[in-house]
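Hi,

Here's the structure I said I'd pass on to you. Have a look at it first, then read on for what turned up.

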Amino acid sequence: MFKNNQIFTAPLAGITDKPFRKILRRFAPDVSMVTEMISCHSLVGMHKNCVRNFDNYDDEGNVGAQIFGADVSLMGEAAKILQDAGAKWIDINMGCPVPKVATRAGAGAFLMKNHALAGRIIESCVKAVQIPVSIKTRLGWDEAHKDWQDLVRIAALSGASFATVHGRTRAQGYTGNAVLPPKPNLPIPIIANGDLRTVADIERVQKMGYDGAMIGRAMLGQPWVIGEFCGTCQKPENVGLVALEHLELMLEYYGERAAVPMFRKHAAWYSAGMPNSAQFRINVNQITDANKLKQAIKDFWSVD
Ligand SMILES: Cc1cc2nc3c(=O)[nH]c(=O)nc-3n(C[C@H](O)[C@H](O)[C@H](O)COP(=O)(O)O)c2cc1C
């Protein structure tokens, strides 16, 4: 099995924020974590409406901060800001397929179409910081252009220390199954990502030669799975206590007005598959008051 620091939690926009990372950390002290993506424009501009621009990572253990953008010099500046905030490495998003990032901003997955620009962005980040720089990408733009290995070689030449590959193309979005080939011979370590949900899945990519495994959606509503994969914890007896702690952290971080509606999706994931979870979701979706939300969680999970 991989060492725990070869197991990565994936960047999930709107999900792997500081509160969720704190919860994950309780269960898996040694895993490597990637933040949700942060725009280089927002970060360098220190936009006030984006609270993660002000995160400090000193107390977060092995956490890589992910940036996205297409502006070579701003990406370097953003990398430096994140290094100064305590990130242990910088991850560059080269796989996000959403139009706001990939088409309109010419960033994320679009960089799979422009390897020269990708290389310049990596070089700019590598020059700006003393910590490692990685990229996270997909197999390619579409079925006819599965050229991720070329991008990885350029990344290596540009100074990247490792790369993560999600076994889908940009055109696939999140449909179908993630399919990775046995790890090819490449100059830097490769972390496997996509549909890894069990210890057996992780062992499979290790046998295929990959250097680590990155887990995303499998941790939604069950952050302890990361600890289970690492052998550092088991499923907690009362999930309600985890949900309550998660909510408290979000209230502290975002304030009540923003945190209560943001927590609804987590409440749905934590309760998925449990008896009466549909009714619980309906109730929670109408609540705007933090104390009422805490009480609804306590009632649902019978927390005293
Ligand atoms: C809601 C959501 C948000 C995501 N946000 C990001 C992101 O900010 N940066 C990134 O590189 N990938 C992002 N991804 C992709 C995931 O990191 C991961 O590559 C993908 O979900 C496949 O892994 P999984 O099957 O383990 O979830 C996101 C995926 C989802 C579903």
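The largest cavity has a lining made up of Asp-17, Lys-18, Arg-21, Thr-35, Glu-36, Arg-52, Asp-55 and Tyr-57. Sort those lining residues by type and you get six charged, one polar and one nonpolar. The volume of this cavity is about 30 Å³, and the count of cavities of 30 Å³ or more comes to one. If you wonder how anyone spots such a space: rolling a probe the size of a water molecule over the atoms shows where empty space is left. Keep in mind that this is a predicted model.

Now for the domains. The assignment splits the protein chain into domain 1, covering 4-230, and domain 2, covering 239-301. Their C-alpha centres are 28 Å apart.

So how do the two meet? On the domain 1 side, 18 residues are in contact with twelve residues of domain 2. People often give the size of an interface as the accessible area lost when the parts come together. Here, about 1,300 Å² is buried between domain 1 and domain 2, with carbon and sulfur atoms giving 69% of that area.

There are some polar links too. Four residue pairs are in polar contact between domain 1 and domain 2, counting pairs with both residues at pLDDT 80 or more. How many salt bridges cross the interface of domain 1 and domain 2? The rule finds one. Look for the side chains of Glu-245 and Arg-26, which meet in a salt bridge at 2.3 Å, N to O.

Cheers

How values were computed. Residues numbered from 1 in each chain as written. Predicted model: local features only at pLDDT ≥ 70, side-chain atom pairs only at ≥ 80, totals over all residues. Heavy atoms only, no water. 1 Å grid on protein atoms, 1.4 Å probe; cavity = no way out; pocket = protein on both sides within 12 Å on 5 of 7 lines; lining within 4 Å. Points joined across faces, edges and corners; volume = space filled by probe spheres on them. Nonpolar A, V, L, I, M, F, W, Y, C, P; charged D, E, K, R; others polar. Domains from an automatic or database assignment. Contact = heavy atoms within 4.5 Å. Buried area = accessible area lost by both parts, 1.4 Å probe. Salt bridge = Lys/Arg side-chain N within 4 Å of Asp/Glu carboxyl O. Polar contact = N/O pair within 3.5 Å; in protein donor to acceptor, adjacent residues only side chain to side chain.
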